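Let's take a walk through this fold, starting from one buried spot and working outwards. Have the model open and follow along.

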Amino acid sequence: MGIGTLRSAWKRLHWPAKIGIWLAFVYSLYIIAGFFVLPPVVRNVMQDRLSKQWGRKVVIEGLHFNPFVFRAQIFGVAVYGRDNATVDLSLGSGEVDAQISSLFRRSLVLTSVRLDSPYAFVRILDNNGSINLQDIFAPRSSSPVEAPGPHAGTREDTRIFSVIVEGFSCSNGTVRIQDDPKASTQVVDQIALTVPFFSSRLADRDIQVRPTLRFRLNKTPFELKGRSIPFASSQRTEFDLTGAGLDLTRFWSYVPIGPSLSLSAGLFTSSASLVFEQTPLEKRPFSLFIQGDFRLNNVELSHARDGIVFTCKHARAVLKRFRLPPREVVFSEIVVDDPFVSVERSAQGEINWSYYAREVQTGSKAPASVPSSENAVSLRLMTDSIRLNNGRVRLRDLVPASGFTTTLAPVDVRIDHLDTEKNATTAAFVTVHASHGETLGVNATVVVDPFACNGTLTFSNATIPTYAPYFGTVLPLDVTRGSVEGFSRFQVVLGPPPRIRLTDMAGKVAGMGLRIPGRSKECLGFQTFSFDNGTVDFNERHVGFSRLVLTKPAVALERNRTGNVDLLTLFAPAGCCRADLRPHLRDAASCLTRCVPC
């Protein structure tokens, strides 16, 4: 059959037959191009253009397209680093199913979008936050932003193309973050993200999107469930985040503190909800609401010089609401169980925690600007209950020559209805037991703003010889026995001017005994020394008592062969001759006033 025969046969065909043949021919070309022509061409073009644009080696192992069902698949995508040796970005496989209705609608309708085994290697290069992928994700050009027109507040559908995705899923994703300045690595793996439906059409702007994200952060599982309307004007978004057993030691390098203080152990667990909403037509641009349950377990803080300085077996904070605006944080309870704190004062008088705080200030960067007190917005903090149970404090004081060490345990603290609002009152209760049997109790009412504190203080079973390192070098006698107990009301106001006042002071020193160093027998003592209705005003420099009572005092004097009395010799002024005391033994006061230095 020749060409002339074909032409004559074509002329004899009716136009419906001709159209049918043309459609069959075009469809055949579409099938051939879709299966065999377009995939390799698109694959090569994508590889070449991306490699030139990014200056990196880009590999795409396979690209398939099914023209019957509008399905595109891509396999083995890899974007190499600048050294062309390591892979910075990769994708195991991706699949997109489109609907043929996209050709006749103003929307790209995707039945499903699936990604499998995506991988990203993020390397932080310096303290400025530069990363290895910065050349890929940085904007190539910047265009001037047009000023809003007179109808900027209205929303019109000016978009030419909308996107409708009826199902999105990402499975087995991994993100590896290597921080070179901090010498740390964080791994987020087993990433699984599902989004059942979302649409950018204005007609669908009020449809709620419900994404679900599951992942592991350093092998700690997390789950995030969301509810969002991202294309509505409010962009209201809600998230529920749960995670258990996150190892905090992996993140300690990001705390702005010197290298001497380190977190040896610590686990974090959270179950929180977040709600974000934009309100552009109101005075406040947005609103943020957070609530949840946060826990710390087995926390241990150690210092290179001082060893373990803080531990906590369990801590829990139940956040009722954190709301912006207004700047408000409300906890229903904060509970700390079995904490331990080591407090040490050096021979120069510096507390170890003040030294640690100075390390924090040295290691942190100063803020760029500090808001003035007039423009600063205060944060209101409210807590229904704060409890510290079975605490332990190790005190070590190196200021005395012989040193002083004691342990306060247990320490129990309860704070009810804490509120930083101006003139709001808070109740505080503190009970402290010391290792030598001492007991201290505080019952106070506190106002945070402006700070004022009124309460009562009680102490008992304080043995005086325990604290001999503080007065042993000043008192020429050794305290062999004695205990102190007492009660006082106190008032502390930070002012201006600051004021500290003690009232209704009552107490008793019992079983007091003193002896001359090196001797076994006591030379001074009494049964009790009590005082009532005492007042100490530090501002007025006033000390007063309505009654002082001394019962059963005892004094034992001994005169040696030279005529010197032991006690008078001990209390003689510096530089006084021992022999000058003999003429004045009958009048000790006269002796101490008339003695002339040699």
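Start at L567 in this predicted model. Setting aside neighbours within four places in sequence, L567 touches L477, I516, C523, L524, V555, A556 and L557. L567 also belongs to the largest nonpolar core, a 10-residue set that includes I464, V479, M512 and F526. Two strands, β22 (499-515) and β23 (522-537), each put at least two residues into this core, and β22 gives the largest share, with 3. That fits a familiar pattern: in soluble globular proteins, nonpolar side chains tend to be buried together. A separate core of 9 residues lies apart from this one, with V299, V309, A315 and Y356 among its members.

Now hop over to some strand pairing. β10 (residues 220-228) runs antiparallel to β11 (residues 237-247), and 7 bridges hold the pair together; look for K225 facing D240 in β11. β11 also pairs antiparallel with β12 (residues 261-278), this time through 9 bridges, and here T237 sits opposite F276.

Finally, the backbone oddities. Most residues other than glycine have a negative phi, and most peptide bonds are trans. N218, in the loop between β9 (212-217) and β10, has a positive phi of about 50°. N298, in strand β13 (residues 286-303), also has a positive phi, near 50°. Are these two asparagines buried or exposed? N218 counts as buried because its relative accessibility is 11%, under the 20% cut-off, while N298, at 47%, is partly exposed.

As for cis peptides, one joins A409 and P410, with omega about -5°, and P410 lies in strand β17 (residues 404-419). Another links D449 to P450, with omega about -10°; P450 is in the loop between β19 (439-447) and β20 (452-463).

Methods:
Residues are numbered from 1 along each chain as its sequence is written. This is a predicted model: local features need pLDDT of at least 70, side-chain atom pairs count only at pLDDT 80 or more; totals for chains, interfaces and linings use all residues. Side-chain values use heavy atoms; hydrogens and water are left out. A nonpolar core is a set of buried Ala, Val, Leu, Ile, Met, Phe, Trp, Tyr and Cys residues joined through side-chain atoms within 4.5 Å. Buried means under 20% relative accessible area, exposed over 50%, partly exposed in between (1.4 Å probe, protein chains only). Helices (H or I, at least four residues) and strands (E, at least two) are DSSP runs, numbered from the N terminus. Contact means heavy atoms within 4.5 Å. Two strands pair if DSSP finds at least two bridges between them.
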